[in-house]
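Here's a walk through one protein model, written for someone who likes to have the coordinates open alongside. Have a look at it first, then read on.

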Amino acid sequence: MIDIRGLSYFVAQVGNLGDWQCYAEDVLGMPTSPAPGGALYVKMDERPFRMLVVEGDSPRYLASGWELAGEKAFRNALAHLEAKGVEWQAGSAEEIEQRGVQALAIVVDPAGNRHELSWGHRSDCLPFVSPQGVPRFVTGDMGLGHTVLPAPNFDATLAFATEVLGFEVSDIFNFRPDPNGPATRIHFLHCANARHHSLALAEYPVPSGCVHVMVEVDSMTEVGRAHDRMQAHGVPLSATLGQHLNDRMTSFYMKTPSGFDLEYGYGGLQLDWAEHSAFEFTRVSIWGHDFSAGRQ
Ligand SMILES: [Fe+2]
């Protein structure tokens, strides 16, 4: 089995890196630096980066980076891929250098989402200093946050996430826009850390390649300050402030320059999986999170 420790980074593409630089520094409150290959690093903690932005034709999400504990875990992961008959590709020397890891294996799930498995991130351990005075983002052993990916062919993609990548279901939501109509499934998945979910799969296509990425701050004040910066910089709101039922995150959603949404939140559940039982919830949020805000 593959023992994923957390979401170590994601890769996004944009036409002009300057758009992401301004968004990261002025709105998210994260410093940036040049990355190898003419790309951009966005820093969230003591690591050099948690977001890697590359220049390309279309704005979109490119990949999710999943961290393994070490070389043995990485070798075990490759053996598991072989045993499952899953094709994988070794990362190029340029990709390994750019991501700052010891080794990289790339797999594509049945929905076309690219997953990068790696171990041994490289770090200068320089402190996080926010250009907007954000004290810290909640990362560490729990990874950078979570990512929600499109999975129109839901059963096959869910099977890949659980049986190949080794995620386990935290809980499930069957979204019914029409109470008597068919359900659209969203399953929330955890790996070997306490964060309620590091990955979720949504049963619909998303042109940008990602439903949203979530980053977490350590106070409600910082969510409010980020909300102010979003408004000050004219960043489109995708969903109003609200609190999720399943992971209890209080958050709002806004657009990124790569076309997918970013959830900026506080207070997400941390769980002891030995004590947890999966359940089905019937409302996305306890209050707020009006997604019609993003369709106006
Ligand atoms: Fe989320």
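## Starting at a histidine pair

The side chains of His197 and His146 are joined by a polar contact of 3.1 Å; a polar contact here is a pair of N or O atoms within 3.5 Å, where within protein one must be able to donate a hydrogen and the other to accept it, and residues adjacent in sequence count only if both atoms are side-chain atoms. Before going further, the ground rules: this is a predicted model, with local features needing pLDDT of at least 70 and side-chain atom pairs counting only at pLDDT 80 or more, while totals for chains, interfaces and linings use all residues. Residues are numbered from 1 along each chain as its sequence is written, and side-chain values use heavy atoms, with hydrogens and water left out.

Back to His197, which sits in the loop between E11 and E12. Helices (H or I, at least four residues) and strands (E, at least two) are DSSP runs, numbered from the N terminus. His197 counts as buried because its relative accessibility is 3%; buried means under 20% relative accessible area, exposed over 50%, and partly exposed in between, with a 1.4 Å probe and protein chains only. The His197 side chain also makes a polar contact of 2.8 Å with the side chain of His196. Leaving aside residues up to four places away in sequence, His197 touches a set of residues that includes Ser170, Phe188, Asn246 and Asp247, where contact means heavy atoms within 4.5 Å.

## The iron site

Which residues supply the protein donors of the iron ion? They are His146 (NE2), His212 (NE2) and Glu263 (OE), lying 2.0 to 2.1 Å from the ion. Donors are N, O and S atoms within 2.8 Å of the metal (3.2 Å for Na, K and Ca), and since water is not among the atoms, sites may look incomplete. Along the chain the donors follow the spacing H-x65-H-x50-E. Distant parts of the chain are linked here: His146 belongs to strand E9 (residues 146-150) and Glu263 to strand E16 (residues 261-266), 117 residues apart. His146 and Glu263 are both buried.

## Two open sheets

One open sheet has 10 strands in the order E17-E10-E11-E12-E9-E13-E16-E15-E14-E18, with mixed pairing. Strands pair if DSSP finds at least two bridges between them. Strand E17 (280-281) and strand E18 (285-288) stand at the edges with a single partner strand each, so one side of each has no neighbour in the sheet. Helix H1 (residues 17-28) lies across E15 and E16, running at about 150 degrees to E15; axes are lines fitted to C-alpha atoms, for helices over the stretch in contact, and angles run from 0 to 180 degrees between N-to-C directions.

The other open sheet is built from 8 strands, ordered E2-E3-E4-E1-E5-E8-E7-E6, and again the pairing is mixed. Its edge strands are E2 (32-35) and E6 (89-90), each pairing on one side only. E7 and E8 form a hairpin with 5 residues between them, and Gly112 in the turn has a positive phi of about 90 degrees.

Some of the strand pairs:

| Strands | Bridges | Direction |
|---|---|---|
| E1 and E4 | 5 bridges | parallel |
| E5 and E8 | 5 bridges | parallel |
| E7 and E8 | 6 bridges | antiparallel |
| E14 and E15 | 4 bridges | antiparallel |

To find your way in these pairs, note that Gln13 has Val54 in E4 as its bridge partner, and Gly65 has Glu116 in E8. Ala105 stands opposite Leu117 in E8, while Gly242 stands opposite Ser251 in E15.

## Helix H4

In H4 (residues 154-164), the buried residues are Phe154, Thr157, Leu158, Phe160, Ala161, Thr162 and Val164. Their cover includes helix H2 (71-84) and strands E7 (103-108), E8 (114-119), E11 (184-190) and E12 (199-202). Just after H4, Gly166 takes a positive phi of about 90 degrees.

## The cysteines

How many disulfides are there? The count is 0, taking a disulfide as a pair of cysteine sulfur atoms within 2.5 Å. The sulfur of Cys191 is too far for a bond because the closest cysteine sulfur, in Cys210, is 16 Å away. Cys191 counts as buried at 7% relative accessibility, and Cys210 does at 1%.

Cys210 lies in the loop between E12 and strand E13 (212-217). Its contacts, not counting residues up to four places away in sequence, are Tyr61, Thr147, Val148, Leu149, Pro150 and Phe260. The C-alpha atoms of Cys210 and Gly259 are 8.6 Å apart, with these positions 49 residues apart along the chain numbering.
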